Amino acid sequence: MIKTEKDYNAIVERVEELLQNPDNIENKDAKGYVELNVLSDLVAEYEERNYPVKKTSLVEVLKLRMAEMGLNQKRLSELLGVSTSRVSEYLNGKSEPTLKVAREISLKLGIDASIVLGI
């Protein structure tokens with residue numbers, strides 16, 4: 001188990017060295033294969049513990065997708081078949097979309113259903 005940031009940085013550096021040799025990745029008989037796999041697991045465990053990836057919220061994804069698609073609240077409301085005030089509530093986190101609207105968000109904006117449903 002990696003306990004300090006200093007140890008983590010040293011191990012990441014060693015992993016990067018080991019990755020320079022493709023045999024360490026593909027060949028189970030290579031000198032660095034086992035070391036690379038053990039150290040990679042330690043790094044992954046440390047990162048999960050110290051740098052967890054937070055779940056993306058629907059609000060964040062909606063705003064990003066609106067920017068990507070060049071949509072404003074009025075155009076999004078038309079696309080989803082809801083009022084602009086309802087879209088505003090979604091974007092401010094004051095309201096959750098109904099199942100019907102969630103389906104439309106997923107289909108029309110290409111947002112994964114698990115994000116839209118918060119699962």
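1. Let me start with E89 and R86. In this predicted model, their side chains form a salt bridge, with N and O 2.9 Å apart. Both residues belong to helix 6 (residues 84-91), and because they sit three residues apart there, about one helical turn separates them. Neither side of the pair is hidden away completely: E89 is partly exposed at 29% relative accessibility, and R86 is partly exposed too, at 35%.

2. Salt bridges that share partners also give you a network, made up of R14, E17 and E35. The R14 to E17 contact has its closest N and O atoms 3.0 Å apart. That one stays inside helix 1, where the two residues are three apart, about one turn of the helix. On accessibility, R14 comes out at 31%, partly exposed, and E17 at 43%, also partly exposed.

3. The other contact in that network is E35 with R14, at 2.9 Å from N to O. Here E35 is in helix 3 and R14 in helix 1, so the bridge ties together parts that are 21 residues apart in sequence. E35 is partly exposed, with a relative accessible area of 32%. For the whole structure, the count comes to nine salt bridges, so don't take the ones I've picked out as the full list.

4. Now the rings. There are three aromatic pairs in the structure. One of them is Y8 with Y51: the ring centres are 6.1 Å apart and the planes meet at 50 degrees, so this pair is tilted. It links distant parts of the chain, since Y8 is in helix 1 (residues 5-19) while Y51 is in the loop between helix 3 (33-50) and helix 4 (58-69), 43 residues away. Y8 is buried at 11% relative accessible area, whereas Y51 is partly exposed at 41%.

5. Y51 also pairs with Y46. Those centres lie 6.2 Å apart with the planes at 70 degrees, so the pair counts as edge-to-face. Y46 is buried, with a relative accessibility of 4%. Ring pairs thus join Y8, Y46 and Y51 into a cluster.

6. Last, have a look at the largest pocket, which holds about 180 Å³ of space. Its lining has 15 residues, and S57, L58, E96, I115 and G118 are the ones nearest the centre. By type, the lining splits into seven nonpolar, six polar and two charged residues. Helix 4 and helix 8 (113-116) each contribute at least two lining residues, and helix 8 has the largest share, with three.

Definitions and conventions: Residues numbered from 1 in each chain as written. Predicted model: local features only at pLDDT ≥ 70, side-chain atom pairs only at ≥ 80, totals over all residues. Heavy atoms only, no water. Phe/Tyr/Trp six-rings, centres within 6.5 Å; stacked < 30°, edge-to-face > 60°. Helix = DSSP H or I, 4+ residues; strand = E, 2+ residues; numbered from the N terminus. Buried < 20%, exposed > 50% of the residue type's maximum accessible area, 1.4 Å probe, protein only. 1 Å grid on protein atoms, 1.4 Å probe; cavity = no way out; pocket = protein on both sides within 12 Å on 5 of 7 lines; lining within 4 Å. Points joined across faces, edges and corners; volume = space filled by probe spheres on them. Nonpolar A, V, L, I, M, F, W, Y, C, P; charged D, E, K, R; others polar. Salt bridge = Lys/Arg side-chain N within 4 Å of Asp/Glu carboxyl O.
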